[in-house]
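Please keep the model open in your viewer and follow along, making each selection as it is named. The tour moves from one region to the next, and each stop says what to select and what is found there.

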Amino acid sequence: DLVSNAFPPSFPKGQMTEVVRSSAFLAALPEIRSAYDQEHVTSFFYAHPERFRIANISSGDPAWHEVNLALDTEDDWLVFQKVMAGLERPHTEYTWIEFAELVRQAKAIEAA
């Protein structure tokens, strides 16, 4: 009913994905009443794991979830700019792990 990489999370923030089977969504829709659940639909599914088949894809290392690859704030933007300026090859040639490690390093330098 739901395939996710967020239950439990093990990928960097900003790299999470969730896919809901349309028939499961339509069946749950009449019960999704809270404003929070209407905005974050999958939260209803996670709150009722006994009712839905939920498959999780794991990175293999939950520590990756501590890395933030989301671009939500000005600070995120500044880190992003530093990382992009320091790339030695086109950004499309980096794996998500390499890119996450560069962000981790940039944040560590910023915090020092």
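What follows is a walk through a predicted model, taking in its nonpolar cores, its pockets, its aromatic pairs and a few single residues.

**Stop 1: the largest nonpolar core**

Begin by selecting Trp64, Val67, Leu69, Val79, Val83, Leu87, Tyr94, Phe99, Ala100, Val103 and Ala106, which together make up the largest nonpolar core, 11 residues in all. If you colour the selection by secondary structure, helix 4 (74-85) and helix 5 (96-111) appear as the elements that give two or more residues to this core, and helix 5 gives the most, with 4 residues.

Now centre the view on Phe99 and display its surroundings: leaving aside residues up to four places away in sequence, Phe99 touches Leu69, Phe80, Val83 and Met84.

**Stop 2: the largest pocket**

Keep Phe99 in view and extend the selection to Gln15, Asn68, Leu69, Ala70, Leu71, Asp76, Val79, Phe80, Trp96, Val103 and Lys107, since these residues and Phe99 line the largest pocket. The volume of this pocket is about 200 Å³.

Which elements each supply at least two residues of this lining? They are helix 4 and helix 5, and the largest share, 4 residues, comes from helix 5. Coloured by class, the lining shows 8 nonpolar, 2 polar and 2 charged residues.

**Stop 3: the second largest pocket**

Next select Lys82, Val83, Gly86, Leu87, Glu88, Arg89, Tyr94, Leu102, Gln105, Ala106 and Ile109, the residues that line the second largest pocket. The elements that give two or more residues to this lining are helix 4 and helix 5, with helix 5 giving the most, 4 residues. The space in this second largest pocket comes to about 160 Å³, and by class its lining has 6 nonpolar, 2 polar and 3 charged residues.

Before leaving these helices, pick out Leu78, which has its place in helix 4. Is Leu78 buried or exposed, or something in between? With a relative accessible area of 35%, Leu78 is partly exposed, because that value falls between the 20% under which a residue is buried and the 50% over which a residue is exposed. A distance drawn from Leu78 to Ala106, C-alpha to C-alpha, gives 9.9 Å in space for two residues that are 28 apart in sequence.

**Stop 4: the aromatic residues**

Turn now to the aromatic rings, for which the count comes to 7 pairs. Select Phe11 and Trp96, whose rings form a tilted pair at 5.1 Å centre to centre, with 50 degrees between the planes. This pair links distant parts of the chain, as Phe11 is in the loop between strand 1 (2-4) and strand 2 (18-20) and Trp96 is in helix 5, 85 residues apart. The two partners also differ in accessibility class, for Phe11 counts as buried at 14% relative accessibility, whereas Trp96 counts as partly exposed at 30%. Add Trp64 to the selection, and you have the one aromatic cluster that Phe11, Trp64 and Trp96 form.

The loop between strand 1 and strand 2 also holds Pro8. Show the backbone there, and look for the cis peptide bond that joins Phe7 and Pro8, with omega at about 5 degrees.

**Stop 5: the second core and Phe52**

Finally, move to a second, separate core of 9 residues, which includes Leu2, Ala24, Phe44 and Phe45. Select Phe44 and Phe45, and inspect their rings, which form an edge-to-face pair at 6.3 Å centre to centre, with 90 degrees between the planes. Phe44 counts as buried at 5% relative accessibility, and Phe45 is buried too, with a relative accessible area of 0%.

From there, select Phe52, which lies in the loop between helix 3 (42-47) and strand 3 (54-56). Phe52 counts as buried, at 10% relative accessibility. Which residues does Phe52 touch, not counting residues up to four places away in sequence? They are Asp1, Ala24, Ala28, Phe44 and Phe45. As a last step, draw the distance between Phe52 and Leu2, which are 50 residues apart in sequence and 7.5 Å apart in space, C-alpha to C-alpha.

Note on methods: Residues are numbered from 1 along each chain as its sequence is written. This is a predicted model: local features need pLDDT of at least 70, side-chain atom pairs count only at pLDDT 80 or more; totals for chains, interfaces and linings use all residues. Side-chain values use heavy atoms; hydrogens and water are left out. A nonpolar core is a set of buried Ala, Val, Leu, Ile, Met, Phe, Trp, Tyr and Cys residues joined through side-chain atoms within 4.5 Å. Buried means under 20% relative accessible area, exposed over 50%, partly exposed in between (1.4 Å probe, protein chains only). Contact means heavy atoms within 4.5 Å. On a 1 Å grid over the protein atoms alone, a cavity is a set of points where a 1.4 Å probe fits but cannot get out, and a pocket is an open set with protein on both sides within 12 Å along at least five of seven lines; lining residues have an atom within 4 Å of a point. Grid points are joined across faces, edges and corners, and a volume is the space filled by probe spheres set on the points. Ala, Val, Leu, Ile, Met, Phe, Trp, Tyr, Cys and Pro count as nonpolar, Asp, Glu, Lys and Arg as charged, and the others, Gly among them, as polar. Rings of Phe, Tyr and Trp (its six-membered ring) pair if their centres lie within 6.5 Å; planes under 30 degrees apart count as stacked, over 60 as edge-to-face and the rest as tilted.
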